[in-house]
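Grab a pencil and keep the viewer open. Below are some short exercises, each with a solution worked out in steps.

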Amino acid sequence: MLTVRGLRKSFGTTRVLESIDLTVGRGRVLALIGPSGSGKTTILRCLNGLETADGGTITITAAEADPEAAGAAPAGTATSTGTGTELTVDFGAAGGPRDKQLAALRDRSAMVFQNYNLFPHKTVLENVLEGPVVVQRRPKAEVTAEALALLTRVGLADKTDAYPFELSGGQQQRVGIVRALALRPQLLLFDEPTSSLDPELVGDVLRLIKELAIEGWTMVIVTHELEFAREVASEIAFVDGGRIVEHGDPKQVLRHPREERTRQFLHRLL
Ligand code: ADP
């Protein structure tokens, strides 16, 4: 469903991603772990088109025919595979990827941020509607019904007209997750979704993410919560120095790491 090949990214003269290769199957959950500054967030931001990589390709296959990608087809980016529509963005192409390709890439994933990133002057409901209505141009009535159902599901039915500052961190993050779901993405990206939360609020958010994993969402999660990663992830990749050092089954990576760098990282945390 997601294939990343040779992804590279520098900021100025600093090489942050060396050459990232990743594959995530539909309905699978990949946890990215690794030291601070190793490039995990940059990987997510490249997947979501928040950063433009310098080289490599990102391919995301949609479950069903996707009119957005079909619209991008004349640019030579999207091909119908029969089971879904495959979108490949080549960052190494002369002149870089086209705006239309980047827009199609952005449309296929949705990000949940560490600091929630809610619009402070919009209500909870307005925060959720913004992307689907303004960016995706879907009918407001339909999106509102869907948003209310999602907010009810996460226990925020009575907060639809509240502003972010009136909510706890855990409630704000649940809005962040609903906002991502309302975009109907192929891929959910979580960037340390609980690291800004007070310890007593972490459990609720992790439980919600676990429910989404069980429902079959395809997800990439950057996390320091190793116990959570072991429980929820289908696979774990250890990132260090802008490379995937080790990628495998959660139990294997956490309990019997093959690489010395992984061992040292885990040793420091335990
Ligand atoms: P992680 O998520 O593993 O902590 P990041 O992807 O956030 O790592 O950062 C990787 C490296 O890239 C760090 O050295 C960081 O300082 C640098 N970096 C990230 N974003 C930028 C940016 N916009 N400009 C310059 N350097 C950046």
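**Exercise 1: α4 and α6**

Work out how α4 and α6 are arranged, starting from their axes.

*Solution.* Step one is the geometry: the two axes cross at roughly 30° and come within 8 Å of each other. Step two is the name for that angle. Angles under 35 degrees count as roughly parallel, so α4 is roughly parallel to α6. Step three is the handedness, and here α4 passes α6 in a right-handed crossing. Step four is who does the touching: α4 brings Val124, Asn127, Val128, Gly131 and Pro132, while α6 brings Val175, Val178, Arg179 and Ala182. Sort those by class and you get six nonpolar, two polar and one charged. Keep in mind that you're looking at a predicted model.

**Exercise 2: α4 and α5**

Now do it again for α4 and helix α5 (residues 140-153).

*Solution.* Start with the numbers: the axes are 10 Å apart, and the packing angle is about 130°. An angle over 145 would be roughly antiparallel and 65 to 115 roughly perpendicular, with the rest called oblique. That makes oblique the right word for α4 against α5. The crossing is right-handed. On the α4 side, the contact uses Val124, Leu125, Val128, Leu129, Pro132 and Val133; on the α5 side, it uses Lys140, Val143, Thr144, Ala147 and Leu151. By class, that contact splits into nine nonpolar residues, one polar and one charged.

**Exercise 3: α6 and α7**

Describe the packing of α6 and α7.

*Solution.* Their axes lie 9 Å apart, at an angle of about 15°. That angle makes α6 roughly parallel to α7. As for handedness, α6 passes α7 in a right-handed crossing. From α6, the contact takes in Gly169, Gly170, Gln173, Arg174 and Ile177, and from α7 it takes in Leu201, Asp204, Val205 and Leu208. Count the classes and you should find four nonpolar, three polar and two charged.

**Exercise 4: the core**

Which residues touch the most other members of the largest nonpolar core?

*Solution.* This core has 69 residues, and the ones to pick out are Ala31, Leu32, Leu189, Val220 and Ile236. Next, see which element gives the largest share: helix α6 (residues 169-182), with six residues. Now zoom in on alanine 31. Skip its neighbours within four places in sequence, and its contacts are Ile221, Thr223, Ala229, Ala233 and Ile236.

**Exercise 5: a helix on the inside**

Which residues of α1 are buried?

*Solution.* Go along the helix and you'll tick off Lys40, Thr41, Thr42, Ile43, Leu44, Cys46 and Leu47. That's seven of the eight residues of α1 (residues 40-47), so the helix is largely enclosed by the rest of the structure. Just after α1 comes glycine 49, with a positive phi of about 75°.

**Exercise 6: two odd phi angles**

Where are tyrosine 116 and glutamate 192, and is each one buried or partly exposed?

*Solution.* First, some background: most residues other than glycine have a negative phi. Tyrosine 116 isn't a glycine, yet has a positive phi of about 70°. Look for this tyrosine in the loop between β7 (109-112) and α4 (124-135). With 21 C-beta neighbours inside 10 Å, tyrosine 116 counts as buried, because the cut-off is 20 or more.

Glutamate 192 also has a positive phi, near 40°. This glutamate is in the loop between β8 (187-191) and α7 (199-214). Its count is 19 C-beta neighbours inside 10 Å, so glutamate 192 is partly exposed.

**Exercise 7: far in sequence**

How many residues apart in sequence are glutamate 235 and leucine 32, and what is their C-alpha to C-alpha separation in space?

*Solution.* In sequence they are 203 residues apart, and in space 8.9 Å. Glutamate 235 belongs to strand β10 (residues 235-240). With 19 other C-beta atoms within 10 Å, glutamate 235 is partly exposed. Leave out residues up to four places away in sequence, and glutamate 235 touches Arg28, Leu30, His247, Gly248, Asp249 and Pro250.

**Exercise 8: a loop residue**

Is aspartate 158 buried or exposed?

*Solution.* Find aspartate 158 in the loop between α5 and α6. Aspartate 158 has 9 other C-beta atoms within 10 Å, so this residue is exposed. Its C-alpha lies 10.0 Å from that of leucine 148, ten residues away in sequence.

Terms used: Residues numbered from 1 in each chain as written. Predicted model: local features only at pLDDT ≥ 70, side-chain atom pairs only at ≥ 80, totals over all residues. Helix = DSSP H or I, 4+ residues; strand = E, 2+ residues; numbered from the N terminus. Buried ≥ 20, exposed ≤ 12 C-beta atoms within 10 Å, placed from the backbone. Core = buried A, V, L, I, M, F, W, Y, C linked by C-beta atoms within 7 Å. Contact = placed C-beta atoms within 7 Å. Axes fitted to C-alpha atoms, helices over the stretch in contact; angles between N-to-C directions. Left-handed = near helix turned anticlockwise from the far one by under 90°. Nonpolar A, V, L, I, M, F, W, Y, C, P; charged D, E, K, R; others polar.
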